[in-house]
Amino acid sequence: MLGMCRGRRKFLLATVALLFIPALTWLYLTAGNFQVKPLPLSPLESQPPSPPLRVREVEEENRALRRELSKPPPPPPRSPQALRGGGARHRGNQSRSHSEEGTGDSDGKGGAAAAAANGSDCAQQPPVDKCETIHVAIVCAGYNASRDVVTLVKSVLFHRRNPLHFHFITDAIAQQILASLFHTWMVPAVRVDFYDADELKSEVSWIPNKHYSGIYGLMKLVLTKTLPSDLQRVIVLDTDITFATDIAELWAVFHKFKGQQVLGLVENQSDWYLGNLWKNHRPWPALGRGFNTGVILLLLDRLRKLRWEQMWRLTAERELMGMLSTSLADQDIFNAVIKQNPFLVHQMPCFWNVQLSDHTRSEKCYKDVSDLKVIHWNSPKKLRVKNKHVEFFRNLYLTFLEYDGNLLRRELFGCPSETDHNSENVRSLCFVPVLVCIHQRPVLQWFCVTFASLFF
């Protein structure tokens, strides 16, 4: 009898356990569907309005906003007082732009257009398409030039919002350094091409040159012949340049070229070409103060039609008969050509090439930080040059000198990825962690893929 009771008790316990476990599982799975409304912390806490009332309030606000937007905008003020008031803030920039542009336009229409372009930050220059590729050419040879050009490239990549195509005229040493650098950074939407500088030496080796850059300082003269024949325009930069703004703003200056203008240059900010720095100082011929070639905008297609190669060669041969050698390399020859053909140059505002040479007058160019676009360390002393604001410029340079190039590895917003070597490297690198994750256990796959997406 006792055994029968114990057997029934075990049977009941087993039945209850079988029923309790599914019920507990069902409650656990459906617990997420129940929401517990939080109680107010105190009776004084106000309750939110009911959902229908809040919906009606939002609808009323939307109707009022639509009615406000549907009203026609008021006409802009045209009174002289309003015009003077609107332009007072930019009057300093307007007066400076007139004195610096100096493009040779004598008609009032051109001057009015320039004033209108400089009178508003929103309409300074025609817009550049956000996915338009900007071409940059740099002559770089040797260890020292390679070190300087890295800082330049960092400053350009830091501010840029457009795809870039770098054209480097290099020797074997600089090409190896730069190729390894760009391969390590793997910056998307950046293409890099190299051109052998040794093959170009014969084009300029016949020109005696006293400049510290040596024969490489003359190679900007042969860019129309060196760069691809289908390339129409390019920005040419010295290696001792630091950008403080988006290079697309400089690219937009091409839209300001008029007539037969094919060269965009900034006026020289020293008295070198005026010939009054010291006794018996005899510079090459130049138009006024001359132009600095640290930053050049070249319309390559028009220069080829003008037979640029023949033009600069004839000018150099004629001037060398009296000057015997160049002191400032390609800059002397560019200025001699412009002296004879002033219509070729479009003078850019001075902030596109703030020159920190020993005898510079660059302080007349800028008044505050917003005026600075491009800093040019065009003194042999470089960072040790004497200048009132050299500490500020030096800090700007050192910021990019110490900047980690891997932080520049970002996709451009709103532009399709460029199918260049750097983008392919980035995509292959991102794919490797995913392949590794495939071979992990299912439990760890989620963590592995999440980790890869965060860091790659």
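Which residues are linked with Glu 203 in a network of salt bridges? In this predicted model, the network joins Glu 203, Lys 225, Glu 309 and Arg 313, and the legends below begin with the chain as a whole before turning to this and other close-up views.

**View 1. Overview of the predicted chain, with its 16 helices and 10 strands.** Of the 456 residues in the chain, 41% count as buried. Among the contacts in the chain with a separation of 6 or more, 76% are between residues 24 or more positions apart. The chain exposes about 27000 Å², and carbon and sulfur atoms supply 60% of that area.

**View 2. The largest nonpolar core, which has 98 residues.** Phe 166 and Trp 312 are the residues with the most contacts inside this core, and the largest share of the core, 7 residues, comes from helix 6, residues 142-159. Once the neighbours within four places in sequence are left aside, Trp 312 is in contact with Glu 203, Val 204, Trp 206, Ile 207, Leu 221, Val 222, Ile 333 and Val 337. Two of these contacts, Ile 333 and Val 337, are also listed among the buried residues of helix 13, while another, Glu 203, belongs to the salt-bridge network.

**View 3. Helix 13 (residues 330-340) and the elements that cover it.** Helix 13 is mostly covered, with 9 of its 11 residues buried. These buried residues are Asp 330, Gln 331, Asp 332, Ile 333, Phe 334, Asn 335, Ala 336, Val 337 and Ile 338, a set in which the charged residues Asp 330 and Asp 332 are found together with nonpolar ones such as Phe 334 and Ile 338. What covers them includes strand 6 (263-267), strand 7 (291-299), helix 12 (308-323) and strand 8 (345-348).

**View 4. Strand 6 and its pairing with strands 7 and 8.** Strand 6 is itself mostly covered, since 4 of its 5 residues are buried under the criterion of less than 20% relative accessible area. With strand 7, strand 6 pairs in the antiparallel sense over 4 bridges, and in this pairing Glu 267 stands opposite Phe 291 of strand 7. With strand 8, strand 6 runs parallel and is joined by 4 bridges; here the bridge partner of Gly 264 is His 346 in strand 8. Strands 6, 7 and 8 are also among the elements that cover the buried residues of helix 13.

**View 5. The salt bridge between Glu 203 and Lys 225.** The count for the chain comes to 11 salt bridges, and in this one the side chains of Glu 203 and Lys 225 meet at 2.9 Å, N to O. Glu 203 lies in helix 8 (residues 201-204) and Lys 225 in helix 9 (residues 223-226), so the pair ties together parts that are 22 residues apart in sequence. Glu 203 is buried, with a relative accessible area of 16%, whereas Lys 225 is exposed, with a relative accessible area of 53%. Both residues belong to the network that also includes Glu 309 and Arg 313.

**View 6. Two further salt bridges, Lys 220 with Asp 238 and Arg 191 with Asp 193.** The side chains of Lys 220 and Asp 238 meet in a salt bridge of 2.6 Å, N to O. This pair links distant parts of the chain, with Lys 220 in the loop between helix 8 and helix 9 and Asp 238 in the loop between strand 4 (233-237) and strand 5 (241-243), 18 residues apart. Lys 220 counts as buried at 7% relative accessibility. In the other salt bridge, the side chains of Arg 191 and Asp 193 meet at 3.6 Å, N to O, and Arg 191 counts as partly exposed at 45% relative accessibility.

**View 7. Positive phi values at Met 186 and Leu 324.** Met 186 is not a glycine, yet its phi is positive, at about 55°. Met 186 lies in the loop between helix 7 (172-185) and strand 3 (190-196), where it is buried, with a relative accessible area of 12%. Leu 324, likewise a residue other than glycine, has a positive phi near 70°. Leu 324 is found in the loop between helix 12 and helix 13 and is exposed, with a relative accessible area of 60%.

Conventions. Residues numbered from 1 in each chain as written. Predicted model: local features only at pLDDT ≥ 70, side-chain atom pairs only at ≥ 80, totals over all residues. Heavy atoms only, no water. Buried < 20%, exposed > 50% of the residue type's maximum accessible area, 1.4 Å probe, protein only. Helix = DSSP H or I, 4+ residues; strand = E, 2+ residues; numbered from the N terminus. Contact = heavy atoms within 4.5 Å. Pairing = 2+ DSSP bridges. Salt bridge = Lys/Arg side-chain N within 4 Å of Asp/Glu carboxyl O. Areas by Shrake-Rupley, 256 points an atom, 1.4 Å probe, with all protein chains shown as cover. Core = buried A, V, L, I, M, F, W, Y, C linked by side-chain atoms within 4.5 Å.
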